[in-house]
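The following dialogue is intended for a biochemist who wishes to read structural features from a model. Each question takes up one kind of feature.

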Amino acid sequence: MAHKVTKPSKRRILPPPASDPSALAEQTAQHTEDVLFDRELDDLPADLRWREWMGRIEAALFASASPVPRDDLQKLVGRSASIDMLIDDIQAELKPRPYELVQIASGWMLRTKVRFADAIKAAADLGQPRIEFNEMEMAVLCAIAYHQPIDRAGLADIFGKEVSRDLIARLRYLKLIADGPRAPRRGAPHTFVTTPEFLAIFDLQSLRDLPELDVSM
């Protein structure tokens, strides 16, 4: 008489519950995320798994208009996968292409290569600046970039007058500045700092790439 063989279940089993409620919530959320989105791709051969991870990263970057932080990219691949090595391989494949993968602040983004700027402008007039600034807006943005974190009083010291709230609001709306740490002044007012969008718009990888100020003027 043949015995019926019961196949082991492939259902994932939750690890033992954590004693800390917050740790348990994080553990449960991570388990749910893993079930809904397969990061590890253990069923694929190693070379195909790597190619799939590369494709996921490139797709996420292509779909984003702003730099994608490293932590967000890490969510797309296996826990042991090296984001730096994946980025290196993507950059190598993009060398003959008209766009490139660049680091902006703590994130990454795709952008067209500078040498194609004239072609883009001739084809679709896309080479025009996306944002136009008046003289005062640009001056305030530069002051924040070079003196951050800086508060409204600090800006007033630079310009000899109060900077309008409408001007600050527009720079915020354009996501070029954000709140920084509170200033060591009475009332601890908020300071202003630049954002990754600021770096991307002005083609900077970090604030260290800002041109040096001419203090002789």
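The dialogue below treats helix packing, the sheet, aromatic pairs, buried helix residues and backbone geometry in turn.

Q: Before we begin, what kind of model is this?
A: This is a predicted model.

Q: How does one describe the packing of two helices, and at what angle do the axes of H2 and H4 cross?
A: Two packed helices are described by the angle between their axes and by the distance between those axes. Here, helix H2 (residues 46-63) and helix H4 (residues 83-94) have axes that come within 10 Å and cross at roughly 80°. H2 is therefore roughly perpendicular to H4, since angles of 65 to 115 degrees are classed in that way.

Q: Which residues in H2 and H4 meet?
A: From H2, Trp-50, Arg-51, Trp-53, Met-54, Ile-57 and Glu-58 take part; they meet Ile-83, Met-85, Leu-86, Ile-87, Asp-89, Ile-90, Glu-93 and Leu-94 in H4. By class, the residues of this contact comprise 10 nonpolar, no polar and 4 charged.

Q: How should the sheet be read, and what is the order of its strands?
A: Strands of a sheet pair through backbone hydrogen bonds, in either a parallel or an antiparallel sense. In this model an open sheet of 3 strands has the order S1-S3-S2, and the pairing is antiparallel. Strand S1 (68-69) and strand S2 (99-104) stand at the edges; each has a single partner strand, so one side of each lacks a neighbour in the sheet. S1 pairs with strand S3 (residues 107-112) over 2 bridges, and Gly-107 in S3 is the bridge partner of Pro-69.

Q: Which strands do H2 and H4 touch?
A: H2 packs on the sheet and touches S1, S2 and S3, its direction making about 70° with that of S3. H4 also packs on the sheet, touching S2 and S3, and its direction makes about 145° with that of S2.

Q: How is an aromatic pair characterised, and how many does the structure hold?
A: A pair of aromatic rings is described by the distance of the centres and the angle of the planes. The structure holds 3 aromatic pairs. One of them, Trp-50 with Trp-53, is edge-to-face, at 6.1 Å centre to centre and with 65° between the planes. Both residues lie in helix H2, 3 residues apart, which is about one turn of the helix. Trp-50 is partly exposed, with a relative accessible area of 22%, whereas Trp-53 counts as buried at 6%. In the pair of Phe-198 and Phe-202, the ring centres are 5.1 Å apart and the planes stand at 45°, so the pair is tilted. These two residues form one aromatic cluster with Phe-133.

Q: Which residues of helix H7 are buried, and what covers them?
A: The buried residues of H7 (residues 152-159) are Gly-154, Leu-155 and Ala-156. Their cover includes helix H6 (135-147), helix H8 (165-173) and strand S5 (190-194).

Q: What backbone geometry deserves attention, and where is the cis peptide bond?
A: Most residues other than glycine have a negative phi, and most peptide bonds are trans. A cis peptide bond joins Gln-148 and Pro-149, with omega about -5°; Pro-149 is found in the loop between H6 and H7. Leu-41 is not a glycine, yet its phi is positive, near 55°. Leu-41 is found in the loop between helix H1 (21-36) and H2 and counts as buried at 8% relative accessibility. Asp-203, likewise not a glycine, has a positive phi of about 55°; it is found in the segment after helix H9 (196-201) and is partly exposed, with a relative accessible area of 42%.

Note on methods: Residues numbered from 1 in each chain as written. Predicted model: local features only at pLDDT ≥ 70, side-chain atom pairs only at ≥ 80, totals over all residues. Heavy atoms only, no water. Axes fitted to C-alpha atoms, helices over the stretch in contact; angles between N-to-C directions. Helix = DSSP H or I, 4+ residues; strand = E, 2+ residues; numbered from the N terminus. Parallel < 35°, antiparallel > 145°, perpendicular 65-115°, else oblique. Contact = heavy atoms within 4.5 Å. Nonpolar A, V, L, I, M, F, W, Y, C, P; charged D, E, K, R; others polar. Pairing = 2+ DSSP bridges. Phe/Tyr/Trp six-rings, centres within 6.5 Å; stacked < 30°, edge-to-face > 60°. Buried < 20%, exposed > 50% of the residue type's maximum accessible area, 1.4 Å probe, protein only.
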